[in-house]
Amino acid sequence: VVSAKNAGTFQLGDVTKGDIVNTVSSTGTLSAVNSVNVGAQVSGTINKLYADFNDTVHAGQLLAVLDTTILAAQVFDARAGMLRTKSQLDQAQAEYDRNKPLYESGFLSATEFLTFKTSHDAALAAYRSADAVLKRAVTNLQYATIRSPIDGTVIQRSVDAGQTIQASFQAPTLFIIASDLKSMQIQVSVDESDIGVIREGQDVQFTVQAYPDEKFNGKVRQVRLQPTTVQNVVNYTVVVDASNESGKLLPG
């Protein structure tokens, strides 16, 4: 016997049909889709800077100039060396041209003519070497002018005017330029137990700490095959493309 006191309560409703969503949760870092490190190929002191953080730059735009005093002197010295070896080559060429008919007519022995030929060949080699030194000096002088390789936004400036940079072993990074901040990517670390359900083209929803109540959308572009192991857990990197027309998403 069921009394009114113990009787259950019922709620009536319509039967509806919906989707069941299998969600994989993970974390990652936002970054620009394409960014370029702008470095210097020669050592020197930063003379002037023409770009700063957040500046919009275009391909070929001047970003910085190194002090060219030493580099210009090297070009001057290389040109002087070029003139010196050119005069020596002209002299050796004249001696060679004057004595070659005598050798061909039998008035000079092969040993005597070999001296003029050797002097000519040595002067020609010295001239070509001086030409290479001059071209290298001119190229290094051009490297003192740092220009943007792409259109984009300066997201990092690593030097100040007056700072000395050393390019002995590798080109130091002066600027980092992001090509387009309206398109971002997320590198997400996904556990090996979940990577099997990840496919290219899948929809992604994500949030960032700056806007915890707002959801952003993206799509899986790539599942990278190279794993990383952290504390005995194997993870794979999944690259997600995300639109940033609003400009709310920032690198990092």
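**Entry 1. Salt bridges**

I started with Arg-221, which forms a salt bridge with Asp-241, the closest N and O atoms being 2.8 Å apart. The two residues sit in distant parts of the chain, Arg-221 in strand 12 and Asp-241 in strand 14, 20 residues apart. I note for the record that the model is a predicted one.

I then looked up how exposed the two partners are. Arg-221 has a relative accessibility of 34% and so counts as partly exposed, since that class runs between 20% and 50%. Asp-241, at 29%, counts as partly exposed too.

How many salt bridges does a search of the whole structure find? I get nine.

Next I took the pair of Lys-248 and Glu-214, whose closest N and O atoms are 3.0 Å apart in a salt bridge. Lys-248 is in the segment after strand 14 and Glu-214 is in strand 12, so this pair ties together parts that are 34 residues apart in sequence. I looked up accessibility here as well: Lys-248 is partly exposed, with a relative accessible area of 33%. Glu-214 is partly exposed at 28%.

The third pair I checked is Arg-157 with Asp-52, a salt bridge with 2.9 Å between the closest N and O atoms. Arg-157 belongs to strand 7 (residues 152-157), while Asp-52 is in the loop between strand 3 and strand 4; they are 105 residues apart, and the pair links distant parts of the chain. Asp-52 has a relative accessibility of 33%, which makes this residue partly exposed. I also found that Asp-52, Arg-157 and Asp-160 are linked in a network of salt bridges.

**Entry 2. Two open sheets**

I went on to the strands and wrote down two sheets.

One is an open sheet of four strands in the order 6-5-3-8, with antiparallel pairing. Which strands form its edges? They are strand 6 (145-147) and strand 8 (164-165), each of which pairs on one side only. Strand 3 covers residues 44-49 and pairs with strand 8 in the antiparallel sense, over two bridges. I located Thr-45 opposite Thr-164 of strand 8.

The other is also an open sheet of four strands, here in the order 2-9-7-4, and its pairing is antiparallel. Its edge strands are strand 2 (35-39) and strand 4 (56-57), and each pairs on one side only. I counted the bridges between strand 2 and strand 9 (residues 173-178): five join them, and the two strands run antiparallel. Within this pairing, Ser-35 has Ala-178 of strand 9 as its bridge partner. Strand 7, which holds Arg-157 of the salt bridge to Asp-52, is also a member of this sheet.

**Entry 3. Largest pocket**

I moved to the pockets. The largest pocket holds about 990 Å³ of space. Its lining comprises 33 residues, and those nearest its centre are Val-24, Ser-26, Val-204, Gln-205 and Phe-206.

Which strands each supply at least two residues of this lining? I list strand 1 (27-32), strand 10 (183-191), strand 11 (203-208), strand 12 (211-223) and strand 14 (233-243). Strand 11 gives the largest share, six residues. Strands 12 and 14 came up in Entry 1 as well, as the sites of Arg-221 and Asp-241.

I sorted the lining of the largest pocket by class and obtained 18 nonpolar, twelve polar and three charged residues.

**Entry 4. Second largest pocket**

The second largest pocket has a volume of about 170 Å³. I noted its lining residues: Val-42, Ser-43, Gly-44, Thr-45, Asp-67, Ile-70, Leu-71, Gln-74 and Asn-140. Thr-45 is thus listed in this lining as well as opposite Thr-164 in the strand pairing of Entry 2.

Strand 3 and helix 1 (69-104) each supply at least two residues of the lining. Helix 1 has the largest share, with three residues. By class I have three nonpolar, five polar and one charged.

**Entry 5. Lys-17**

Last, I looked up Lys-17, which is in the segment before strand 1. Is Lys-17 buried or exposed? Its relative accessible area is 86%, and exposed means over 50%, so Lys-17 is exposed.

I also took a C-alpha to C-alpha distance from Lys-17 to Ala-171: they are 61 Å apart in space and 154 residues apart in sequence.

Notes: Residues numbered from 1 in each chain as written. Predicted model: local features only at pLDDT ≥ 70, side-chain atom pairs only at ≥ 80, totals over all residues. Heavy atoms only, no water. Pairing = 2+ DSSP bridges. 1 Å grid on protein atoms, 1.4 Å probe; cavity = no way out; pocket = protein on both sides within 12 Å on 5 of 7 lines; lining within 4 Å. Points joined across faces, edges and corners; volume = space filled by probe spheres on them. Nonpolar A, V, L, I, M, F, W, Y, C, P; charged D, E, K, R; others polar. Buried < 20%, exposed > 50% of the residue type's maximum accessible area, 1.4 Å probe, protein only. Salt bridge = Lys/Arg side-chain N within 4 Å of Asp/Glu carboxyl O.
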